[in-house]
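Thank you all for coming; let us look together at one structure, taking the packing of two helices before turning to the whole chain.

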Amino acid sequence: MNQYPNLKLQALAIGSLPHSNLDDAMNVVKRDFANIPFYPQLTNINKNEDMIIQFLEGLPSFLSDNIDNFVVDSESDKFFEDCERFFADCEEIIENPNSECLEHYAISEKFSSAFPKFEQLVRDTKPMFAKGQIVGPFTLTSTLVDQNGKSVLYDETVREIVVKLLSLKALWQIKRIKKASAETVPIIFIDEPSISQLGTSAYLTVSEDEVINMLKEVCEVIQDNGGICAIHCCGKCDWTIPIRVGVNIINFDAYAFSQNFSIYSSELEKFLKNGGKIAWGIVPTLDSNALENITLEDLVKRFDESVKYLTNKGVDEKLILDNSLITSSCGAGSLTIDLAQKAMDLVCRLSEELKKRL
């Protein structure tokens, strides 16, 4: 089964860019990602666009005086008042996804300078797909702490609130994309770098099932409302986790971890046969030295080698290629502007080269 054949070998971006000028950043989007535009996270314009902070608007009793200190005061009277309204809003939105209550959980311009221009771009160009993103619920709950300094991952109430808040953020983006262009299919990425830490000493008491249930709730909201759900993790990961969640697209650092990825060849083969897709993060944004020296020819060779790790284990090459997309290994926000532009250009050029060849 090949769902969304028009995604074959398309170029996708992963979140952040280092630009301090909004128009320059959007020009990168227009030039390299016209087929699947996205709204870049631009922390050099506003620190609120950090991948953690960007999705905290509307979180009950979030204390954000210091952006390096992510604290939720779960014992205050305000917290309980906020929770009452939050859960009432959730109930109304579940019953009616078009409820005006959803606007309480919008991503305002204070937290995304690029979103209004992204909406306008979707409105003007009517692309077949458009990309949004949220931080993953496991990554967010393992970053936030309560007033006692304890991770909210271990507080059932706050954890439930975070999962529902992120679901609403994803739903809001889907609704805005569809409002801008009814025929455009939203792709929502769940950025979950922390799932690479599952099973380590830091999270020995956290079960995979707990994390899968958190992700599944968000994923189902995306899919039930006409979106495609993708998960991005740029570390080594047990890739059966997103498969068990039921995501449509798995995105990983293919530059560094293709051999490790192939360990899961039998599960990935089933995933692909069931309509899943692999987004190969083959352009090395996490290794600036490698990026500085790499050429398009190097990347074509690297992609072929990465695919071969799976075909050598019996996965059909056509099945892989028909269900592949091209991305960078991670966001480009920590790079220089010149290197970030090189990376984005290479994602686009590699996509075009592979489509031409295959």
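Helices α3 and α5 lie oblique to each other, because their packing angle of about 40° falls outside the ranges for roughly parallel (under 35 degrees), roughly antiparallel (over 145) and roughly perpendicular (65 to 115). Helix α3 covers residues 115-125 and helix α5 residues 156-180, and their axes are 8 Å apart; axes here are lines fitted to C-alpha atoms over the stretch in contact, with angles running from 0 to 180 degrees between N-to-C directions. The contact, meaning heavy atoms within 4.5 Å, is made by Phe115, Phe118, Glu119, Val122 and Arg123 of α3 together with Trp172, Gln173, Arg176, Ile177 and Ala180 of α5. By class, that contact has six nonpolar, one polar and three charged residues.

I should say that this is a predicted model, in which local features need pLDDT of at least 70 and side-chain atom pairs count only at pLDDT 80 or more, while totals for chains, interfaces and linings use all residues. Residues are numbered from 1 along each chain as its sequence is written, and side-chain values use heavy atoms, leaving out hydrogens and water.

Stepping back to the whole protein chain, its secondary structure comes to 13 helices and nine strands, counted as DSSP runs (H or I, at least four residues, for helices; E, at least two, for strands) and numbered from the N terminus. The C-alpha atoms fill a box of roughly 60 × 45 × 40 Å, taken along the principal axes.

Technical notes
Nonpolar A, V, L, I, M, F, W, Y, C, P; charged D, E, K, R; others polar.
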